[in-house]
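Student: Please pick a single part of this model and walk me through it closely. I would like to see where it sits and how it fits into the rest of the chain.

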Amino acid sequence: MSLDTVKHANETPDIDQPWAELGLKQDEYERIRAILGRRPTGAELAMYSVMWSEHCSYKSSKVHLRQFGEKAPENDALLVGIGENAGVVDVGQGYAVTFKVESHNHPSYIEPYQGAATGIGGIVRDILAMGARPVAVMDPLRFGAADHPDTKRVLPGVVAGIGGYGNCLGLPNIGGEVVFDSCYQGNPLVNALCIGVMKHEDIHLAKASGAGNKVILYGARTGGDGIGGVSVLASETFDSTGPAKRPAVQVGDPFQEKLLIECTLEIFREDLVDGIQDLGGAGLSCATSELASAGSGGMRVELDTVPLRDSSLSPEEILMSESQERMCAVVEPGKVDRFMEICEKWDVIATVIGEVTDGERLEIFWHGEQIVDVPPRTVAHEGPVYERPYARPDWQDALQADDAAKLARPATAEELRAQVLKVIASPNQASKSWITDQYDRFVQGNTVLAQPEDSGMVRIDEDTNLGVAVATDGNGRYAKLDPYAGAQLALAESYRNVAASGARPLAISNCLNFGSPEDPAVMWQFAEATRGLADGCLELGTPVTGGNVSLYNQTGETAIHPTPVVAVLGVIDDVDRRTPIAFSEPGHLLYLLGDTKEELGGSAWSQVIHEHLGGLPPAVDLGREKLLAEILIAASRDGMVDAAHDLSDGGLIQALAESCLRGGNGARIVVPDGMDAFVLLFSESAGRAVVAVPRSEELRFGDMCGARGLPAIRIGVVDGEEIDVQGQFTLPLAELREAHEATIPALLA
Amino acid sequence: MTARVGVVTFPGTLDDRDTQRAVRIAGLDPVPLWHRDKDLKQVDAVVLPGGFSYGDYLRAGAISRFSPVMESVIEQARGGMPVLGICNGFQVLTETHLLPGAMLRNNHLHFICREQRLRVENAATAWTSDYEAGQEISIPLKNIDGRYVADERTLDKLEAEGRVVFRYLDGNPNGSLRDIAGITNAAGNVVGLMPHPEHAVEPLIGTGRTDGLGFFTSILKKLVNA
């Protein structure tokens with residue numbers, strides 16, 4: 001095939017172009033022609049198709065995501081907001097923390113190991129591109145039914161990919177989630193979060209400015225993997241009859257990424273770059289157009305200088321390739337030599353592929369002939385925006401009317417005991433250590449807390465003990481019942497988890513996993529969830545710093561549960577004050593904080609015992625969440641509690657079981673007067689936590705809760721080697737441990 | 001006075017900064033050493049830290065063994081300089097034949113990260129003198145290629161000469177023959193083990209135990225009193 005140059009495009013306005021195969025709609029193609037005043041060249045068409053994909057352009061979600069900016073709370077901590085590679089938050093002492101959660105859902109279903117591995121790689125480069133040293137990762141994961149044969153294909157591959165890539169980068173994996181639900185059978189959710197730390201003055205942005213500055217591509221060579229990953233894979237519904245999409249999945253090399261991290265950090269230390277961008281989804285198309293779009297000038301790129309793994313690649317393929325472990329930097333001419341020396345030191349290939357111009361166009365050449373001549377903003381930032389129709393689904397009322405309160409409850413104490421064991425052994429409530437033990441949580445030597453703690457916590461300054469904590473949460477069952485409340489409950493749980501470990505919540509990132517935006521019911525779920533999240537963030541004072549939207553998570557007509565995953569970042573001045581979940585000292589008093597109401601809609605109990613999903617999720621009271629968080633943080637700071645555990649899915653009994661097993665101590669529990677034992681143990685009312693208070697602190701702690709108006713009921717004491725719910729049943733820890741820990745290995749090992 | 005402990009960074013090394021910190025906490029001066037550099041900067045001892053040097057491509061430790069820095073390390077180790085290889089560093093030491101045997105993929109084929117109890121079998125090496133023989137310690141273990149193997153004769157010889165330095169307790173985590181977690185050379189100056197003492201040196205971090213600090217205080221005493 002002859003080269004489709006700009007000149008050729010001008011001369012042949014009427015030839016057919018494969019816009020539909022590249023995922024573009026007719027009106028989008030017409031719009032490209034209108035922007036350019038001619039038909040696009042093959043290379044231009046490739047660029048627009050990937051950059052205008054749902055994954056890159058957020059064209060269906062943008063109108064709703066705007067609320068995160070419009071409703072953003074006043075917050076001095078936010079240094080860089082939405083729109084950059086990742087948001088940046090001031091955590092004090094001159095430090096800034098950047099964090100973000102992203103999806104790699106579709107690739108991980110097709111090819112679990114590489115899909116999950118490159119998900120880690122991509123988010124780590126996003127964090128690195130902000131100027132930060134990556135310090136930890138987390139993985140919120142969702143799979144189909146635990147006993148489904150395909151889960152046994154997908155989950156071990158995903159876990160091995162996360163471990164194989166993340167462990168090799170030297171990043172501790174300190175938290176996340178593993179959830180099973182048949183709604184994710186053909187659409188597992190593989191989200192990945194990375195946290196990075198830098199000093200304020202080290203923040204870098206993705207922009208190309210200064211005519212004459214060099215554009216340097218460095219890292220791995222470009223190959224044929226991942227071509228069209230964002231447009232073909234991430235932006236369409238799976239069709240069971242479709243052709244194999246495996247070649248669209250990228251292949252990762254963590255060793256190369258580790259070199260890229262160390263090389264880039266050394267380049268930052270010597271202040272050698274003006275602007276920097278990682279290459280992820282949409283590869284060079286994205287990096288060049290975004291850098292040029294955000295900067296002050298144009299850019300000229302000699303595409304034939306790009307180092308290739310496969311010399312037969314066409315210019316279109318080079319522009320679309322999503323080969324991993326690549327970065328693009330803008331460097332002043334006088335600093336290029338030093339930049340190259342550092343790359344050589346780390347055995348990283350680096351090539352000057354172009355320069356910043358004083359024009360306004362992004363121009364790309366192939367052996368001297370021009371194949372791209374576009375205004376970069378039209379590619380990167382001014383893609384199509386859709387106001388997709390949305391409507392509350394007609395089944396929503398019936399779902400909410402199907403109240404969980406009517407489900408049969410245990411009639412006897414023996415039945416209650418049996419149900420407790422069954423819930424605690426169920427795949428969602430069982431210990432995930434078989435999975436998390438495949439991740440390195442110790443590397444870097446700064447891990448203060450890691451799974452199964454409420455949040456992951458790392459120290460960021462060895463001298464002052466300053467630290468940060470992050471938790472990720474989401475509950476698709478709640479969000480299915482009420483997407484507005486479900487998103488707020490995800491936010492509240494994550495916020496509560498951070499506070500329970502003693503850190504002050506500062507800001508959030510999110511990963512919004514939904515079905516097809518072309519379905520008005522799904523779009524309604526999305527609109528409701530984003531509205532709920534934006535309202536919730538405003539009330540809690542935690543701004544959204546960025547995040548990711550993953551749509552088209554559906555197979556045929558069936559969408560996943562709407563699954564907004566929320567990551568809350570908190571700061572703790574002295575990690576020595578952190579609060580673990582373990583009940584480590586017999587004699588400590590157990591207090592239940594918050595109000596326990598009869599709330600079973602969407603609960604773990606209703607799922608495990610009755611396979612039921614209906615009614616309303618627990619009521620949201622963000623004012624109460626704030627108060628609870630303040631109490632938990634103050635108690636941690638002043639040494640009033642020895643352990644704290646948030647209450648969420650599975651209710652009080654789940655939290656007690658986890659804290660007892662973690663500490664190796666039992667608990668004697670007294671059901672408070674007027675309260676039903678079943679409701680006490682299984683209700684999932686929000687805004688609650690259980691804490692272990694040393695006797696010496698009881699008065700002070702009780703006074704603080706009383707003065708602040710937070711309900712705090714003494715429910716028992718840490719003691720013995722069993723959980724003894726007095727008047728009901730006893731559960732020896734050994735029996736509990738067996739139930740809790742045997743499930744996942746039995747299903748998956 | 002104190003002593004200088006070199007910590008080697010290969011491409012793909014992960015625990016170099018952690019090891020430098022552990023060396024510092026024990027009261028020693030950490031000296032970063034670069035794989036391309038034959039100059040050991042007059043250090044008194046060397047640690048080869050964990051990680052995936054050269055991506056563990058070909059075989060864990062197989063490429064690092066040929067790096068310029070290792071030429072000097074091998075020469076000095078033969079002359080009696082204390083050398084500690086942790087995890088990937090242990091793999092490098094077996095590749096250099098400073099220590100016998102080899103490491104294979106874990107018998108369950110998964111990466112495993114957990115707190116691991118060990119028994120100190122030999123408290124007379126350069127790196128274990130601050131422990132007592134028979135003492136039980138708990139430090140993190142994290143690897144995928146951690147199954148120690150050697151032929152029967154070598155294993156018998158290691159045991160007969162007291163060169164098994166650590167054994168796994170509470171279940172063998174990877175299928176290592178005779179539960180071997182770490183070994184030493186005949187002179188006792190070169191020690192290699194799979195678990196990570198450098199991750200257990202601060203009460204607040206990681207496992208919350210400081211059972212690994214003894215490696216570094218042992219070498220401090222040896223070097224400073226020498």
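**A close look at helix α16**

Tutor: Happily! The buried residues of α16(A) pack against five elements of chain A: α21 (604-610), α23 (651-663), α24 (677-682), β28 (729-732) and α26 (733-748). This is a predicted model, where local features need pLDDT of at least 70 and side-chain atom pairs count only at pLDDT 80 or more, while totals for chains, interfaces and linings use all residues. Residues are numbered from 1 along each chain as its sequence is written, and chains are lettered from A and ligands numbered from 1 in the order in which they are written.

Helix α16 covers residues 413-425 of chain A, 13 residues in total, and its end C-alpha atoms are 18 Å apart. That is close to the 18 Å expected at 1.5 Å a residue, counting one less than the number of residues. Its buried residues (20 or more other C-beta atoms within 10 Å of their own, C-beta atoms being placed from the backbone) are Leu416(A), Val420(A), Val423(A), Ile424(A) and Ala425(A). An α-helix has 3.6 residues a turn, so residues three or four places apart point the same way.

Zooming out, 63% of the 749 residues of chain A count as buried. Among its contacts (C-beta atoms, placed from the backbone, within 7 Å) between residues at least 6 apart in sequence, 85% join residues at least 24 apart. The chain holds 26 helices and 28 strands, which are DSSP runs (H or I, at least four residues; E, at least two) numbered from the N terminus. Along the principal axes, its C-alpha atoms fill a box of roughly 85 × 55 × 45 Å.

How values were computed:
A residue is buried if 20 or more other C-beta atoms lie within 10 Å of its own, exposed if 12 or fewer, and partly exposed in between; C-beta atoms are placed from the backbone. Two residues are in contact if their C-beta atoms, placed from the backbone, lie within 7 Å.
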